[in-house]
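Let us take a walk through the open and enclosed spaces of this protein. Have a look at the sequence and the structure first, and then we will go from one space to the next.

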Amino acid sequence: MSSSINKKTIRKQLSEHHKALSKFHLRDLFTQDRDRGKNFTSQFADLYIDFSKNILTNETLDLLLEYAKTLNIKKSIDAMFRGEKINVTEKRAALHFALRAKPGGALGLEDSGIIKKIEDELQKIKEFVSLVNDKKLTGWTNKPLDTFINIGIGGSDLGPKMVVRALNQYRVNKTHSFFISNIDYEQIESLKKRINPETTLFIISSKSFNTIETITNANTLKSWMLKSGCNEINRHFAAVSSNLEAVEKFGIKKENTFKIWDWVGGRFSLWSAIGLPIALAIGFKNFEKILLGAHKMDEHFISQTPEENIPVTLALIDYWYINFFGAETQAFIPYDESLKYLPAYLSQLFMESNGKSTDLSGNIVDYKTGVITWGAIGTNSQHSISQLLHQGKHMTPIDFLAPLSNKGNQKHHELLLANCIAQSRALMQGESNAKSHQHIDGNKPSTTILYDVLTPELLGSLLAMYEHRVFVQGLLLEINSFDQYGVELGKKMALDISKNIAQKEKNIDADSSTQNLIDIYKKSREKE
Ligand code: F6P
């Protein structure tokens with residue numbers, strides 16, 4: 001049987017299986033299999049993953065695995081680790097895994113020069129961080145630099161910001177970290193009040209070094225430094241980029257310039273020099289532990305069979321919901337204040353990667369691809385958004401995340417954990433005896449991820465797990481997860497409009513709504 005016929009056949013079987021399974025409530029599946037809560041789980045180091053509260057059986061997983069085989073998923077995974085140009089539209093490899101390969105070799109790239117380049121850059125980060133730790137990195141008044149401002153957006157902001165917050169308890173020395181991303185001046189205005197220019201280092205993080213928000217913010221802060229009396233600006237600026245020419249033009253010295261490469265996508269880049277703010281905040285050793293944790297997950301991902309493979313299993317479940325249940329959204333709810341920024345980070349990872357409308361051969365697809373990914377912190381979410389999750393008609397598969405060890409107060413911790421577990425149970429179980437407006441259907445799927453302590457290593461493994469899940473989700477959807485052409489149109493239009501907005505006469509050929517909005521702005525300025 002050819003692979004496309006095979007694919008069609010298994011899709012049909014999956015459809016029929018979906019229909020048959022729809023007759024059952026998640027409650028029934030727990031009644032049918034008393035050990036379901038243990039049978040549908042995986043463990044990786046200290047990460048315990050319970051996917052039993054998903055609408056599936058062993059048959060579902062077998063069929064999904066069969067389906068994945070028809071798409072040669074394993075071959076594509078191997079291709080990534082061999083460094084093949086799997087980012088077909090941009091004709092590039094996706095080598096983020098190489099950034100966390102163990103010294104001396106990467107999984108599939110042992111003989112390429114890439115590993116040496118990565119090691120050299122890591123060494124440079126290490127030396128830079130130790131200069132800071134030894135208070136040898138000083139500003140224009142010779143005071144040691146202790147405040148690090150990352151200026152970046154998207155992947156050059158969300159990853160490092162999330163990790164610095166998540167590992168706050170590992171912070172070394174008395175340093176401070178801030179993240180400036182938005183073009184909204186309010187962020188800079190409030191930052192200026194909180195920092196001392198004499199002891200501040202700005203890190204311009206931009207792979208392209210031409211992202212308008214980042215470069216505008218960097219120039220504004222450069223001017224502010226000059227106004228503050230700084231007469232040696234290059235002691236206060238560092239950059240992480242693949243556009244070294246532009247970095248040099250900006251006036252950043254070589255010692256403060258860190259390289260990244262075109263084969264690492266922004267949303268996959270926290271393992272590279274984009275992670276410099278992380279290493280500065282928690283020390284290089286802890287940064288290395290994050291890399292180690294991710295590497296261990298890479299090893300799991302490449303070596304385990306699809307049946308035993310955690311990222312593959314989670315992606316198969318995603319695909320099950322997207323394609324057969326018509327799920328349009330997915331949520332991440334950490335019951336862990338440290339993971340406050342995880343939902344935003346994951347939103348970029350999932351949505352920028354898999355919100356696509358062409359397949360790998362460039363054909364427009366006639367099915368839904370990546371879902372709307374969002375999230376909020378538990379327990380706050382229970383008092384704001386959970387109503388819709390429990391009684392609304394959308395299907396929103398959820399990942400709950402929670403630590404097992406307490407953060408200083410057992411009572412608080414047990415309440416936190418109890419709420420996390422209760423939410424997944426309530427969503428699954430529902431309230432069928434209640435009448436009318438009190439009725440809760442239940443049958444709402446979720447996966448619960450528990451971990452002992454959020455260590456750098458564990459966080460590395462967790463994030464790599466999500467990266468690979470996104471990649472496999474993309475493979476199942478038959479799209480390229482590594483480009484992001486969709487964001488370009490808005491950027492181009494913003495440039496055209498910003499030129500127009502600054503002038504009196506109208507000079508763009510815009511629709512009436514757009515023109516009217518511009519005119520309203522212009523009129524409002526006339527009043528000033
Ligand atoms: O606009 C989207 C995007 O290109 C993201 O993919 C990227 O993470 C972000 O902008 C920032 O890009 P850069 O690092 O080149 O400034």
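A good place to begin is the largest pocket, which is lined by 38 residues. Nearest its centre lie Ser208, Thr211, Val487, Glu488 and Lys491, so you may like to find these five in the view before reading on. Please keep in mind that this is a predicted model. The largest pocket holds about 1000 Å³ of space. Which helices help to build its lining? Helix H9 (212-227), helix H14 (342-354) and helix H18 (488-501) each supply at least two residues, and H18 gives the most, with 7 residues. By class, the lining of this pocket divides into 11 nonpolar, 17 polar and 10 charged residues.

Now turn to the ligand. The space it takes is the largest pocket, the one we have just toured. Around the ligand there are 14 residues, and the closest are Ser156, Ser206, Ser208, Thr211 and Glu352. This shell is made up of 2 nonpolar, 9 polar and 3 charged residues.

Some individual contacts are worth finding on screen. An N or O atom in the side chain of Thr211 is 2.5 Å from an oxygen atom of the ligand. For Ser206, a polar side-chain atom lies 2.6 Å from a ligand oxygen atom, and for Gln348 the distance from a polar side-chain atom to an oxygen atom of the ligand is 3.3 Å. How much of the ligand does the protein cover? On its own the ligand has 390 Å² of accessible area, and the protein covers 88% of it.

Next come the cavities. The structure holds 3 cavities of 30 Å³ or more. In the largest cavity there is about 80 Å³ of space, and its lining includes Asn54, Tyr321, Pro397 and Arg469. Helix H13 (310-324), strand E10 (398-403) and strand E11 (446-451) are the elements that give two or more residues to this lining. The most come from H13, with 4 residues. Sorted by class, the lining of the largest cavity has 5 nonpolar, 4 polar and 3 charged residues.

Our last stop is the second largest cavity, with about 60 Å³ of space. Among the residues that line it are Leu99, Trp261, Trp271 and Phe287. Helix H6 (residues 114-133) provides the largest share of this lining, 4 residues. Here the classes are 8 nonpolar, 1 polar and 2 charged residues.

Technical notes
Residues are numbered from 1 along each chain as its sequence is written. This is a predicted model: local features need pLDDT of at least 70, side-chain atom pairs count only at pLDDT 80 or more; totals for chains, interfaces and linings use all residues. Side-chain values use heavy atoms; hydrogens and water are left out. A residue is near a molecule or strand if one of its heavy atoms lies within 4 Å of it. A polar contact is a pair of N or O atoms within 3.5 Å; within protein, one must be able to donate a hydrogen and the other to accept it, and residues adjacent in sequence count only if both atoms are side-chain atoms. Accessible areas come from the Shrake-Rupley method with a 1.4 Å probe; for residues, only the protein chains shown count as cover. On a 1 Å grid over the protein atoms alone, a cavity is a set of points where a 1.4 Å probe fits but cannot get out, and a pocket is an open set with protein on both sides within 12 Å along at least five of seven lines; lining residues have an atom within 4 Å of a point. A molecule sits in a cavity or pocket if more than half of its atoms lie within 2 Å of its grid points. Ala, Val, Leu, Ile, Met, Phe, Trp, Tyr, Cys and Pro count as nonpolar, Asp, Glu, Lys and Arg as charged, and the others, Gly among them, as polar. Grid points are joined across faces, edges and corners, and a volume is the space filled by probe spheres set on the points.
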